[in-house]
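Reader: I'm at the bench with this model open, and I'd love a close look at a single part of it. Could you start with one charged side chain and then walk me outward from there?

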Amino acid sequence: MEITGRIVKDASVFKVKENREVVNFSIAVNDSYKPKGSTEIKKIVTYIDCSYWLSSGLVQWLKKGTLVQLFGRIGLNVYIGNDAQAHGSLTFHTSDIKILVFAQADNTKAAAAAKQDKTADEPDDLPF
């Protein structure tokens with residue numbers, strides 16, 4: 001299966017028994033549709049918990065906001081919560097990751113915001 005989405009939180013590496021490591025991260029898959037007879041567009045966000053077992057070196061690139069294309073198999077984690085209700089979450093056992101768009105660095109966002117604020121405060125030097 002192939003899915004594409006944005007990482008919602010920086011990936012993390014967990015050590016499991018026998019010195020194996022797994023990279024865990026979550027992605028958001030955005031979709032939208034327009035119901036019949038309506039002019040309003042409905043937006044749907046699906047969150048998927050992903051695991052990657054092949055290499056932990058990729059964790060440095062899997063930052064919040066990164067657009068990734070994943071290949072692997074999807075699953076479902078079902079459990080009974082403290083409220084005695086059935087809950088579930090989608091899981092994805094990733095076999096291959098393609099990074100489509102890297103996340104912007106925080107410094108870039110801060111510099112762009114500061115530049116916009118600075119230009120908004122300064123009056124124009126135009127005589128008309």
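Author: Happy to, and please keep in mind that this is a predicted model. Let's start with Lys-15, which has a relative accessibility of 67% and therefore counts as exposed, since the cut-off for that class is over 50%. Side chains of opposite charge can pair when their charged atoms come close. For Lys-15 the partner is Glu-21, and the closest N and O atoms of this salt bridge lie 2.7 Å apart. Glu-21 has a relative accessible area of 27%, so this residue is classed as partly exposed. The count for the model comes to 1 salt bridge.

From Glu-21 we can step into the strands. Strand β3 covers residues 20-33, and β3 pairs with β4 in the antiparallel sense through 11 bridges. Look for Tyr-33, which stands opposite Lys-42 in β4. Strand β4 spans residues 42-52 and also joins β6, residues 86-101, with those two strands running parallel and 5 bridges between them. Two places help you find this pairing on screen: Ile-48 has Leu-90 of β6 as its bridge partner, and Asp-49 stands opposite Thr-91 in β6.

Strand β6 has another partner to follow. Strand β5, residues 67-80, pairs with β6 in the antiparallel sense over 14 bridges. Within this pairing, Leu-70 is matched with Ile-97 of β6. The two strands make a hairpin with 5 residues between them, and in the turn Ala-84 has a positive phi of about 65°.

Now let's turn from the strands to the side chains. The largest nonpolar core contains 15 residues, and Phe-25, Ile-27, Leu-62 and Leu-70 are the ones with the most contacts inside it. At least two residues of this core come from each of β1 (2-7), β3, β4, β5 and β6. Leu-62 is a good residue to centre your view on. Setting aside neighbours within four places in sequence, Leu-62 touches Ile-7, Asp-10, Ala-11, Val-23, Phe-25, Val-68, Ile-97 and Ile-99. Among those contacts, Ile-97 is a residue you have already met as the bridge partner of Leu-70.

There is also something to see on the outside. Val-8, Val-45 and Tyr-47 make a nonpolar surface patch of about 270 Å². Val-45 sits in strand β4. With a relative accessibility of 41%, Val-45 counts as partly exposed, because that class lies between 20% and 50%.

Finally, let's zoom out to place these details. The protein has 6 strands and 1 helix, and along the sequence they follow the pattern β-β-β-β-β-β-α. Of its 128 residues, 22% count as buried. The accessible surface comes to about 9,800 Å², with 52% of it belonging to carbon and sulfur atoms. Among contacts with a separation of 6 or more, 57% are between residues 24 or more positions apart. As you go back to your screen, try moving from the Lys-15 and Glu-21 salt bridge to the antiparallel pairing of β3 and β4, and then on to Leu-62 with its contacts, which include Phe-25 and Val-23.

Key:
Residues numbered from 1 in each chain as written. Predicted model: local features only at pLDDT ≥ 70, side-chain atom pairs only at ≥ 80, totals over all residues. Heavy atoms only, no water. Pairing = 2+ DSSP bridges. Helix = DSSP H or I, 4+ residues; strand = E, 2+ residues; numbered from the N terminus. Core = buried A, V, L, I, M, F, W, Y, C linked by side-chain atoms within 4.5 Å. Buried < 20%, exposed > 50% of the residue type's maximum accessible area, 1.4 Å probe, protein only. Contact = heavy atoms within 4.5 Å. Areas by Shrake-Rupley, 256 points an atom, 1.4 Å probe, with all protein chains shown as cover. Patch = residues over 30% accessible without salt bridge, like charges linked within 9 Å, V, L, I, M, F, W, Y side chains within 5 Å. Salt bridge = Lys/Arg side-chain N within 4 Å of Asp/Glu carboxyl O.
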